[in-house]
Amino acid sequence: MASRLVLVIGDLFIPDRAPFKKLLTPGKIGQILCLGNLTDKETYDFLRQIAPDLQIVKGNFDVDAPNLALSKVVTHGSLRIGFTHGHTVIPPGDADSLLITARHMDVDVLLWGGTHKFEAYELEGKFFVNPGSATGAFSTGWFPDGEEPIPSFCLMDVQGDVLVLYVYQLKTDANGVENVGVEKVSFRRNSSQGVS
């Protein structure tokens, strides 16, 4: 299968604050993995315009979408990628709990949301990614006093057993000027490692 860009996005909540809309244009993204909390039809329609292959899981505020799955698995290259909102992971964002979830889902990569804060790390041969909140929606309990959520999303490019993650974050400098920063993180599944 040829490589295609996969948008990883979640915890949108505030549809009128969409700082990345200009970057997300139709025709460049092959699939969207939405980690929940879309909360409105307009945002759903916008995402469908970007890529017709829109995969969504239920967030804790997606009350008008009772039939959405809590988690899903897709395959890109030789990687199995699981995704969930994260509100069913107890304690929330806990590395050991996420590792148990990844093992239960039988995946190489686990995408989760709920904390509104970007994270990416490897643990026991698996790769864990939280894209944060695309709108910078506030969340209680996840940020130290005085720290604001940073709007963010991720693009994944998977070729074989290599995943390249591009992290987009809207940062504000000391003068209040907003700029989009992009970081690159790579993960390669060990070829001798099977999915456990």
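## A friendly tour of a predicted model

Visitor: How many salt bridges does the structure hold?
Guide: Welcome! This is a predicted model, and a salt bridge is counted in it when a side-chain nitrogen of Lys or Arg lies within 4 Å of a carboxyl oxygen of Asp or Glu. By that rule, the number of salt bridges in the structure is 6.

Visitor: What is the mean pLDDT of the chain?
Guide: It helps to look at the residues behind the mean, and 88% of them reach 70 or more. Where pLDDT is low, the coordinates should not be read in detail. For the chain, the mean pLDDT is 87.

Visitor: Which element has the highest mean pLDDT?
Guide: Let's begin at the other end of the ranking: helix α1, residues 41-50, has the lowest mean among the elements, at 88. The highest mean, 98, belongs to residues 109-112, which form strand β6.

Visitor: How many charged residues are in the lining of the largest pocket?
Guide: The space in this pocket is about 270 Å³. Its lining includes L38, K41, Y44, F61 and D62. Sorted by class, the lining has 7 nonpolar residues and 1 polar residue, and the number of charged ones is 4.

Visitor: Which residue meets K41 in a salt bridge?
Guide: K41, one of the residues lining the largest pocket, is exposed, with a relative accessible area of 54%. Its partner sits 4 residues away in helix α1, so about one helical turn separates the two. That partner is partly exposed, at 31%. The N to O distance is 2.9 Å, and the residue is D45.

Visitor: Is D161 buried or exposed?
Guide: D161 lies in the loop between β9 and β10, and R188, 27 residues apart from it, is in strand β11. The side chains of the two meet in a salt bridge of 3.4 Å, N to O. R188 is exposed, with 57% relative accessibility. Because the cut-off for buried is under 20% and D161 has 18%, D161 counts as buried.

Visitor: How far apart are the closest N and O atoms of K171 and E183?
Guide: This pair links distant parts of the chain, with K171 in strand β10 and E183 in strand β11, 12 residues apart. K171 is partly exposed, at 38% relative accessible area. E183 also counts as partly exposed, at 40%. The two form a salt bridge in which the closest N and O atoms are apart by 3.9 Å.

Definitions and conventions:
Residues numbered from 1 in each chain as written. Predicted model: local features only at pLDDT ≥ 70, side-chain atom pairs only at ≥ 80, totals over all residues. Heavy atoms only, no water. pLDDT = per-residue confidence, 0-100. 1 Å grid on protein atoms, 1.4 Å probe; cavity = no way out; pocket = protein on both sides within 12 Å on 5 of 7 lines; lining within 4 Å. Points joined across faces, edges and corners; volume = space filled by probe spheres on them. Nonpolar A, V, L, I, M, F, W, Y, C, P; charged D, E, K, R; others polar. Buried < 20%, exposed > 50% of the residue type's maximum accessible area, 1.4 Å probe, protein only.
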